[in-house]
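Welcome! Below are some short exercises, each with a worked solution. Have a look at the structure, then try each task before reading on.

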Number of protein chains: 2
Amino acid sequence: MQTISITPSENKKQKPADDSLVFGRQFTDHMFIMDYEEGRGWYDPRVVPYQPLEMDPAAMIFHYGQTVFEGLKAYRTKQDTIQLFRPAENIKRLNRSNARMCIPTLDESMALEAIQTLVDIDRDWVPHKEGTSLYIRPFVIATEPYLGVSASKTYTFMIILSPVGAYYEAGINPVKIAVENEYIRAVKGGTGEAKTAGNYAGSMIAQENVAKKGYAQVLWLDGHERKYIEEVGSMNVFFKIGDKVVTPHLSGSILPGVTRKSVIQLLKDWGITVEERPILLSEILDAHKNGQLEEAFGSGTAAVISPMGELFYNDQSYVINHHTTGALSKRVYDTLTGIQYGTVDDPHNWIVDVPKK
Amino acid sequence: MQTISITPSENKKQKPADDSLVFGRQFTDHMFIMDYEEGRGWYDPRVVPYQPLEMDPAAMIFHYGQTVFEGLKAYRTKQDTIQLFRPAENIKRLNRSNARMCIPTLDESMALEAIQTLVDIDRDWVPHKEGTSLYIRPFVIATEPYLGVSASKTYTFMIILSPVGAYYEAGINPVKIAVENEYIRAVKGGTGEAKTAGNYAGSMIAQENVAKKGYAQVLWLDGHERKYIEEVGSMNVFFKIGDKVVTPHLSGSILPGVTRKSVIQLLKDWGITVEERPILLSEILDAHKNGQLEEAFGSGTAAVISPMGELFYNDQSYVINHHTTGALSKRVYDTLTGIQYGTVDDPHNWIVDVPKK
């Protein structure tokens, strides 16, 4: 494995107070960077001071959008150790995204070492307050200055870090969701399974439209029949109907979430039936009508669990669980965050330490 | 209108010889740049020496892909004037793409003046040899350093220029096309109508797969039923069946090409029936079987007209017009390029001059 060279920053930034943290606006003192050239492979892994990139205006990322990213977090435990949650899952998905986007894959142990090395150097940036964490953003961009539509011959892999506040300042809290009727996030055969920029760029207009009407997120339907449920905002989605939990199966158009996978495992551990299958919106609305829709929530790295308090569709509001967080949603949230912060047992070895060097 | 400031380059590059030109690899001495900030609008339009951009690694273009672009050309006439082909159409489409991608729109006359000013300054870069031109690439990128998924509050609008050789070195030449069965370019409700990076990033894998089998481009089918024809590679597509010409209608998932629109106008001028409507792949294959499929071609800025000599689908090859360029394809090509280079009458006022300042 290549050795990561380290150039420490000589001008350390002032760290924000734990109470003033917002998501994704402040970055730490260092970043990881590594380059790729056709014929040479990935080379020169290095940690350097956080700094601007020099990009040719013709760099392919600006024109044809070849790029992938990941999102995960580092957590500070009560013992003041720093730990990651299932980082290998994010790295594997990064490589699956790379394959879909014609970007060369990364050595997975090198990518994990890069994350650990960078987080270790900036470990003082991992905030202390409950619910806070250090957000980790690995990403790859195509850098060749060429306007032909074909895969780039050069890339840069980077990791940047951003300290983030608690997602729920006043405890876990249900949000209002609107079903999206006009825009489509992805279809099978497209890029919906990959964590790539275009999926997010295309979804902003729907998000802006529903925000104006007071909804926090959209519920995406399938692009073929606009009948099946896909995702909620940029999260996977779960519904508790009677005694069982249902979630859309990995159809080829939804993102295979690491939190989703973990939620399913926890539910199975607890003996709860989980069905991964196509889910008609009408099935959920019928369950609501029959009083069977007990809980609904989104799952993702940012919020971990985001309960749905209300679903809006065709000029009608469907209130779920009296706008409160259901017992199962809360149990999943408490268990997952407990594992992440090291206060709850980790039976599946999801936690990976960030050793101090 | 804001005045465009000009900083001339002091280190002029060596211009490539007309014979050695390739597409999109060499750039001229200058570029246009203009910034946007929420609350302030677009500001500081300027022509500066072609140079790298300084980008924060957290700039939203790298993560959520908010970006749009255009492609058009400047042509040198025999009288040594420089002219553009329907630039207002590209600028209008740029603004439609902006609207879809939640990017603030541009003042259209400012954008045209920006193109004219930049091309004028680098007018010596417009090559002289027949079939050559100066490719113009306007594009907008989201620049705010923020990892939240929402529209950026800052953007940069740029124009770069690249001298390009003749698309057909040895005259217009038919290519082999494979019908794409696995991947999907776009669906209604997605971003297929916008000229945005994600559409191109998502299509590369299909292009790479067919290239390995000896095909030049893919023929995209619709994402719903995979039965209707959409586009060919990054071009629109036309079929001559008997006396009439058919082309997919603007369904919401295909790019509204400027060349497409111009081809339709020319055909109508010539009294030829053009149908813009849903086109089943099976209709085209049936027409081939019946000997009615006389010609097929793609249309786009790069090639103008690209005849299809062969269509590959389900392990079967369908040779079109004996692998030769049809008379109508040739007439469209000759007329359009004639108008572009000023050797053929321009009855619709498609040509816009680049005045010398």
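**Exercise 1.** How many residues of chain A are in contact with chain B, and how many of chain B with chain A?

*Solution.* Start with the ground rules: this is a predicted model, where local features need pLDDT of at least 70, side-chain atom pairs count only at pLDDT 80 or more, and totals for chains, interfaces and linings use all residues. Residues are numbered from 1 along each chain as its sequence is written, chains are lettered from A and ligands numbered from 1 in the order in which they are written, and side-chain values use heavy atoms, with hydrogens and water left out. Next, take contact as heavy atoms within 4.5 Å. The result is 59 residues of chain A against 59 of chain B.

**Exercise 2.** Find the salt bridges between chain A and chain B.

*Solution.* Look for a side-chain nitrogen of Lys or Arg within 4 Å of a carboxyl oxygen of Asp or Glu. The count is two. In a salt bridge, Arg25(A) meets Glu144(B) at 2.9 Å, N to O.

**Exercise 3.** Which strand of chain B pairs with strand 4 of chain A?

*Solution.* Strands are DSSP runs (E, at least two residues), numbered from the N terminus, and two of them pair if DSSP finds at least two bridges between them. Strand 4 of chain A pairs with strand 4 (residues 53–55) of chain B, antiparallel, over three bridges. Within this pairing, Glu54(A) has Glu54(B) as its bridge partner.

Conventions
Helices (H or I, at least four residues) and strands (E, at least two) are DSSP runs, numbered from the N terminus.
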